[in-house]
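Student: I have a new structure to learn. Can we go through it in short questions and answers?
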Amino acid sequence: MPDPLLEMKGISKSFAGNPVLSDVDLVLWPAEVHALVGENGAGKSTLMKILNGVYQRDSGHIRLEGKEISLSSPHDARRAGISMIFQEHTLATHLTVAENIFLGMEPVRSAGILNNSKMVDLAKEVLERNSFPLKASASVSRLTRAEKQLVEIARALTIATRVVVMDEPTAMLSHKECEALFDIIRDLRERGLAIVYISHRMEELPQIADRLTILRDGRRVYSGAFNSMDMHGIICHMVGREIHELYPSRGEPGSETMLEVRNLGNGRQYRNVSFELHKGEILGLAGLVGAGRTALAQGIFGLRTPTEGCVLMRGKPARFASS
Ligand code: ADP
Ligand code: MG
């Protein structure tokens with residue numbers, strides 16, 4: 001049996017004394033799409049940031065093609081052919097598409113001077129190869145969120161020769177753009193790369209995933225072939241209980257009024273709004289876009305002071321002049 005492409009073994013990590021990862025193993029084989037799933041806060045992004053040299057592990061080993069490697073910075077990861085599309089945007093918005101794709105690895109002339117025309121040509125090539133409808137010279141500040149995501153993807157593809165981590169890459173993308181991304185992922189797999197794919201859109205996974213690792217509360221609770229477990233099983237492992245308890249029964253709200261909003265208004269987006277919120281109660285605030293939900297919430301919270309009505313906390317008038 002050949003060596004795995006990459007092996008993370010016994011990885012643990014705490015932030016300020018709070019354990020976030022405990023003894024986690026992850027094995028990636030060449031030419032596989034590895035789905036990494038788990039509830040919010042399970043530790044997926046942290047594990048992948050350790051693999052990309054953004055965070056340092058407290059203990060454990062990382063081996064690339066059988067050899068122990070140290071990943072003390074994103075630069076080390078890049079040199080090892082490992083890249084990541086981050087969940088949060090990391091682009092430099094004042095730079096162009098091409099400059100962002102090659103940030104930190106710009107092509108230079110022999111004298112060490114930036115070779116701008118080469119950079120633009122290379123960027124055009126990457127964008128064309130992946131059918132991304134973007135101009136290499138466009139300023140990133142003028143792009144939509146989906147277009148920015150394509151720049152992040154183009155950058156990761158430029159770096160990756162062995163492993164690409166995609167942390168919620170489709171959150172911003174339309175259905176058509178997702179399909180295009182899946183084609184890119186299949187192409188990367190054909191070229192022998194391992195792709196770690198994180199998504200909360202469970203319905204996407206059967207289309208691309210070969211293997212699966214499930215994290216729960218910072219621990220690995222399952223690893224195996226993707227089709228060795230059905231969706232029901234995956235979700236049970238993620239939440240740690242039988243699925244019919246996915247929404248555990250709620251307690252009855254108490255009778256004590258915690259917050260009262262009386263005839264609140266700001267003269268424009270919302271007017272004459274009144275409601276009571278009781279202890280242990282979850283109150284839904286619904287309305288169409290532009291109906292004033294956000295402005296009302298900001299008014300209650302003190303981000304923007306209302307001009308009419310009042311807010312009472314446990315029966316006492318509350319005036320929040322700031323958040
Ligand atoms: P996931 O990606 O699975 O949603 P994360 O890896 O982002 O989970 O987070 C796991 C836990 O680690 C969460 O409780 C989160 O609050 C915590 N955490 C993540 N990054 C940091 C950080 N830089 N400092 C402190 N706590 C963090
Ligand atoms: Mg995350």
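Student: Is Ser83 buried or exposed?
Tutor: This is a predicted model, in which local features need pLDDT of at least 70, side-chain atom pairs count only at pLDDT 80 or more, and totals for chains, interfaces and linings use all residues. Residues are numbered from 1 along each chain as its sequence is written, chains are lettered from A and ligands numbered from 1 in the order in which they are written, and side-chain values use heavy atoms, with hydrogens and water left out. Buried means under 20% relative accessible area, exposed over 50% and partly exposed in between, with a 1.4 Å probe and protein chains only. Ser83 has 2% relative accessibility, so the residue counts as buried.

Student: Which residue offers its backbone oxygen to the side chain of Ser83?
Tutor: Ser83 lies in strand 6. Strands (E, at least two residues) and helices (H or I, at least four) are DSSP runs, numbered from the N terminus. A polar contact is a pair of N or O atoms within 3.5 Å; within protein, one must be able to donate a hydrogen and the other to accept it, and residues adjacent in sequence count only if both atoms are side-chain atoms. Here a polar side-chain atom of Ser83 lies 2.8 Å from the backbone oxygen of Ala156.

Student: How many of the 15 residues of helix 5 are buried?
Tutor: Helix 5 covers residues 145–159. Its buried residues include Ala146, Leu150, Ile153 and Ala156. The helix is largely enclosed by the rest of the structure, because the buried residues number 12 of the 15.

Student: What distance does helix 5 reach from its first C-alpha to its last?
Tutor: The expected span of a helix is 1.5 Å times one less than its number of residues. For helix 5, that gives 21 Å. The model is close to that, at 22 Å.

Student: Which residues coordinate the magnesium ion?
Tutor: Donors are N, O and S atoms within 2.8 Å of the metal (3.2 Å for Na, K and Ca); water is not among the atoms, so sites may look incomplete. The magnesium ion is ligand 2, and its coordination distances are 2.1 to 2.4 Å. The donors are OG of Ser45 and OE1 of Gln87.

Student: Why does this pair tie together separate parts of the sequence?
Tutor: Ser45 lies in helix 1 (residues 44–51), while Gln87 is in the loop between strand 6 (82–85) and helix 3 (97–101). Gln87 is partly exposed, at 42% relative accessible area. The pair ties together parts of the chain because their separation in sequence is 42 residues.

Student: Which element gives the largest share of the shell around ligand 1?
Tutor: A residue is near a molecule if one of its heavy atoms lies within 4 Å of it. The residues around ligand 1 include Phe15, Glu39, Lys44, Thr46 and Tyr55. The largest share is 3 residues, and it comes from helix 1.

Student: How much of the accessible area of ligand 1 does the protein cover?
Tutor: An oxygen atom of ligand 1 is 2.9 Å from a polar side-chain atom of Ser45. Another contact puts a ligand 1 oxygen 3.0 Å from a polar backbone atom of Gly43. On its own, ligand 1 has 570 Å² of accessible area (Shrake-Rupley method, 1.4 Å probe). The protein covers 59%.

Student: What is the phi of Asp217?
Tutor: Most residues other than glycine have a negative phi. Asp217 lies in the loop between strand 9 (211–216) and strand 10 (219–225). It is exposed, at 65% relative accessibility. Although Asp217 is not a glycine, its phi is positive, at about 50°.

Student: Where is Arg314, which has a positive phi of about 45°?
Tutor: Arg314 is not a glycine either. Its relative accessible area is 52%, so Arg314 is exposed. Its place is the loop between strand 13 (308–313) and strand 14 (316–318).

Student: What share of the residues in the chain is buried?
Tutor: The chain has 9 helices and 14 strands. Its C-alpha trace spans about 70 × 50 × 40 Å along the principal axes. Of the 323 residues, the buried share is 44%.
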